Amino acid sequence: FTSIYDVCCGASNLLQVFDECGFKCYGTETRQGMYEYSKEKIPTATYYLTKKMYEMPGKEKIDLLTCTHDIINYLEDFSEWELLFKNAAKRLNKHGLFMFDFYSKYKLSNWNETKYVSGPHLDCLTTVKSGIFDKTMITYQYYINYENFYIKTRDVVTECYYEADQVKEALIKAGFKNVQFVDENLNPLESLNYVERIYVLASKK
């Protein structure tokens with residue numbers, strides 16, 4: 001493999017690793033700030049600012065296409081998952097590999113948590129509530145220490161869950177012939193019972 005395309009690349013931490021290994025790197029981002037940050041961080045990479053997560057601009061065929069950190073769960077309609085899968089299949093070369101992960105139905109439907117994390121410049125209160133129309137609501141409250149004054153900001157994220165079989169069927173429909181569910185060490189999962197995060201390896205051959 002010599003090229004990687006990371007969907008919603010965020011701070012480009014993954015792309016940075018591959019860039020240092022000599023890969024041709026591509027990334028998409030829906031947030032203007034992260035897009036500008038990534039372009040400055042890895043000037044040799046090609047970045048696209050998109051309106052939707054499932055959009056994958058460019059014409060080059062890619063060896064490795066990734067979408068990590070359960071980003072796909074942010075898509076609230078399964079038709080958007082299907083569009084992402086179709087676009088991924090189009091962007092990959094015939095021997096390419098699509099790797100992504102998603103939170104399982106078991107994880108999100110049972111996830112209720114309140115967590116407080118304190119740092120030298122930033123404190124974060126995370127509140128998670130599940131079971132809202134097959135969605136999980138995650139609220140982040142940030143307390144930023146700026147010259148001994150605290151600035152409070154708030155983000156609300158919705159993560160949606162679907163059956164693993166539905167995800168696999170959509171991948172096959174999109175053109176992937178080989179779909180494997182694996183763990184974080186890329187070992188095949190014998191059972192999906194009580195699995196919180198599912199990693200996926202999908203190829204067209």
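Me: I'm looking at the strands β6, β7, β8 and β9. In what order do they sit in their sheet?
Reply: Keep in mind that this is a predicted model. To read a sheet, go across it strand by strand. Here you get an open sheet of four strands in the order β6-β7-β8-β9, and the pairing is antiparallel. The edge strands are β6 and β9, which each pair on one side only. On average, neighbours in this sheet are turned by 10° against each other, if you ignore direction.

Me: And how many bridges join β7 and β8?
Reply: Those two pair in the antiparallel sense over eight bridges. For an example you can find on screen, take Leu125: its bridge partner is Gln141 in β8.

Me: What is the strand order in the open sheet of seven strands?
Reply: Walk across it and you meet β3-β2-β1-β4-β5-β11-β10, with mixed pairing. At the edges stand β3 (46-49) and β10 (178-182); each has a single partner strand, so one side of each is left without a neighbour in the sheet. The average turn between neighbouring strands is 15° here, direction ignored.

Me: Which residue stands opposite Phe102?
Reply: That's Ile198, in β11. As for the strands themselves, β5 and β11 pair in the antiparallel sense over seven bridges.

Me: Which strands does helix α3 touch?
Reply: Helix α3, residues 78-91, packs on the sheet and touches β1 (3-6), β4 and β5. Compare directions too: the one of α3 makes about 150° with that of β5.

Me: Now for the holes. How do I read a pocket?
Reply: The general idea is that rolling a probe the size of a water molecule over the atoms shows where empty space is left. In this structure, the largest pocket has a volume of about 970 Å³. It is lined by 30 residues, and the closest to its centre are Arg31, His69, Ile71, Tyr74 and Tyr140. Elements that give two or more residues to this lining are α1 (13-20), β6 (113-118), β7 (122-129), β8 (135-146) and β9 (149-160). The largest share, four residues, comes from β9.

Me: How many nonpolar, polar and charged residues are in the lining of the largest pocket?
Reply: Sort them by class and you find 15 nonpolar, eight polar and seven charged residues.

Me: What about the second largest pocket: what volume does it have?
Reply: About 220 Å³. Its lining has 15 residues, with Thr68, Met99, Asp101, Leu186 and Tyr199 nearest the centre. Two or more lining residues come from each of α1, β4 (62-67), β5 (92-103) and β11 (197-203). By class, the lining of this second pocket splits into nine nonpolar, three polar and three charged residues.

How values were computed:
Residues numbered from 1 in each chain as written. Predicted model: local features only at pLDDT ≥ 70, side-chain atom pairs only at ≥ 80, totals over all residues. Heavy atoms only, no water. 1 Å grid on protein atoms, 1.4 Å probe; cavity = no way out; pocket = protein on both sides within 12 Å on 5 of 7 lines; lining within 4 Å. Points joined across faces, edges and corners; volume = space filled by probe spheres on them. Nonpolar A, V, L, I, M, F, W, Y, C, P; charged D, E, K, R; others polar. Pairing = 2+ DSSP bridges. Axes fitted to C-alpha atoms, helices over the stretch in contact; angles between N-to-C directions. Contact = heavy atoms within 4.5 Å.
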